Amino acid sequence: MLTGEVPIAWQAMVAAAGVTRPAIELIDLSFNKLSGLFPQWKGIVPGATDIRGLKLDGNVALEGCAPLYADTTLQYKGTRMTGLCKVDSITEERAQVRALNTTGRLLLRYGAMSPAYDRMVDFALSKLALLGSLVEIGQSSYLLYSGADGCATGDGGNVYAPHIMVKVEVMDGTIPPWSGLSSLALLALDNNTLSGTLPPELGMGSLPADADLYFDLNLDLSGTIPASYAHFSTGQLHIAFTNISGCVPDGVVAYVTYNTAYCSHADGSDALTLATLGVILSLVGASSEALQTWGGSPGFAGPNTPPRFCRVWAGISCDASYRVSGLNLTALGLDGQLSSLTFADISGLISPLDNLQVLVLSGLGLTGNLSDATGTGLDAFPKLQHLDISKSSAIVGQLPDRWAGLTDLRVLQVSGSGIGGTLPGSFASLQQLRELRAADCKGLTGSLPVEFGMLTNLEVLEITGSGITGTLPPEYADPTAVIDVSDNMLTGSLPTFYATLTRLTVLRLGRNRLQGQLPGPYVSLRQLAVLDVSSNQLTGSVPVNWGFLAGPDFKLQCLLLQGNVNELISAETKAVFEANSRKRMPPLGLAINDAGDPLCV
């Protein structure tokens, strides 16, 4: 029979329990004659598992409270005690963490799986869920975080919910549809022999959105990522080296070993297409510093983040949905390095890029014959707006009539290419076309199609250094700002209609075989800055009223008239032009019959 007060010296034994010696499961002091105030033991180590239960029943003279953790079982019937001492919220939370640790270690302790163990895990996880609900009650500004060993620990701060980290090292069968894991921070089932599919239940809201799920190296896992996994918007999903395929639900950071994209963005074909193109470019020996940016996976980096090929890869531009909208291989600095590839090779390789709007293949050394029915492959790009195959002398053949179907095309640049034959009148269907540039295309023959006058949005027509014959088309649409058909074999007279092109800034007709006189109505071309009719067969002289072209409210800066049948401008008329030019404020300058002047270049 014990009498007197509970010894204060027992403090050392209690403090050591669970630290330097095993935890004490039960101290039974019931039905003795203990009296006085229960001692206020100090120095109990935070987080220690000290004692599990204390029985004090029947000690009628014992008073006060027991300074133990909130999860300790205390029995004190028939005493004057008030129960456990009221402690601060930090101490309460430490007790809750200890409870979480106890259950978490139970899971970590096992190394083999069986149906019985599977049932045990289900049961244990359900208990974890209950504990997770408990710790949501009465929280203070106390930080609870996940320790490296998978056990919750405590420290000062202002995060409120402790987390559970669960790792199972040997597991087979399918992944159970666990739920209710409101405190789960990490579920690591990687490097096992799991099979089946990812259970949608994991993403239905009972797990936290920031949970990290590891399913890597389970080669028999298959299927797709359930759409419900979009719930894990601030967590991570690791499914590398599995047979899981398909798109990634929007907002999920997924680590995969296959080319994919977010479900709302694409089916992944853009990433795969660019990766394949990169391999081909390397195989043919292409090399540049810019091409090195194509290294690494082209796929997505995280939620609401563009894929790597949109952010890092040189020459690639993407639209708001992360589809490839622009491919500029010229920007890779591969000058002349793709001579072993044809235009058809490239267009075929990139045909899945059906959202492509800009394609620049200038100066790459590509070959091929556009007249070949198999070499015109742009049908796959119905949204194409800009096509540039300039500086490609080995791309030959006639511009295909099929390109008339590219009704969104705004810029067609083929200057310096080897194209030949006649220009297709069918291109009149390209009603969005702003620029048609075919400078120094020596193989072009035939006449300028009259149908080009139907291109109501045409701003720039540049067809120079070719074998174009016939007369100038009688009219073009008013938006036309630049007409450059110099260095051809055009005949006939200067169309008076051109005087109505109120936006015309450049008219270059030099080095042709044009005849007749200079039209007086051209004086109405207030925006005209360059007029070149040199080296033709023109006669007569500059109309008197043309002097206004050099005066105020006009823009003329370059006038080239030399090399015709007779001198078209006299010294007196030239002086009038120069005098009028000096009246312009601010001065614009004026070059007459000086092709080398910067104003004429």
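The following exchange discusses disulfides, aromatic pairs, a small group of strands and one asparagine in a predicted model.

Me: Before we start, what are the ground rules for this model?
Reply: The model is predicted, so local features need pLDDT of at least 70 and side-chain atom pairs count only at pLDDT 80 or more, whereas totals for chains, interfaces and linings use all residues. Residues are numbered from 1 along each chain as its sequence is written, and side-chain values use heavy atoms, with hydrogens and water left out.

Me: How many disulfides does a search of the whole structure find?
Reply: The search finds two. A disulfide here is a pair of cysteine sulfur atoms within 2.5 Å.

Me: Which cysteine forms a disulfide with C310?
Reply: C310 is linked to C318, and their sulfur atoms are 2.0 Å apart. This link is left-handed, with -95° about the S-S bond.

Me: Are C310 and C318 buried or exposed?
Reply: C310 is buried at 17% relative accessibility, while C318 is partly exposed at 24%. Buried means under 20% relative accessible area, exposed over 50%, and partly exposed in between, with a 1.4 Å probe and protein chains only.

Me: And what does C558 pair with?
Reply: C558 is joined to C600 by a disulfide, S to S 2.1 Å. The torsion about the S-S bond of C558 and C600 is about 110°, so this disulfide is right-handed. The pair links distant parts of the chain, 42 residues apart: C558 lies in strand β34 (residues 558-560) and C600 in the segment after β35 (591-592). Helices (H or I, at least four residues) and strands (E, at least two) are DSSP runs, numbered from the N terminus. Both C558 and C600 are buried.

Me: Changing topic: how many aromatic pairs are there?
Reply: The count comes to five. Rings of Phe, Tyr and Trp (its six-membered ring) pair if their centres lie within 6.5 Å; planes under 30 degrees apart count as stacked, over 60 as edge-to-face and the rest as tilted. One of the pairs is Y229 with F232, whose ring centres are 5.5 Å apart and whose planes are at 90°, so the pair is edge-to-face. Y229 is buried at 0% relative accessible area, and F232 is buried at 3%.

Me: Why is the pair of Y476 and Y498 called tilted?
Reply: The planes of Y476 and Y498 are at 45°, with ring centres 6.0 Å apart, so the pair counts as tilted. Y476 is in the loop between β28 (460-464) and β29 (482-484), and Y498 is in the loop between β29 and β30 (506-508), 22 residues apart. Y476 is buried at 4%, and Y498 is buried at 0%.

Me: On to strands. In what order do the three strands of the open sheet stand?
Reply: The order is β2-β4-β6, with parallel pairing. β2 (27-28) and β6 (73-75) stand at the edges with a single partner strand each, so one side of each has no neighbour in the sheet. Two strands pair if DSSP finds at least two bridges between them. Strand β4 (residues 53-55) is joined to β6 by three bridges, and L54 stands opposite L74 in β6.

Me: Last one: where is N355 found, and what does its side chain touch?
Reply: N355 is in the loop between α6 (343-349) and β20 (358-360), and it is buried at 7% relative accessibility. Its side chain makes a polar contact of 2.7 Å with that of K383. A polar contact is a pair of N or O atoms within 3.5 Å; within protein, one must be able to donate a hydrogen and the other to accept it, and residues adjacent in sequence count only if both atoms are side-chain atoms.
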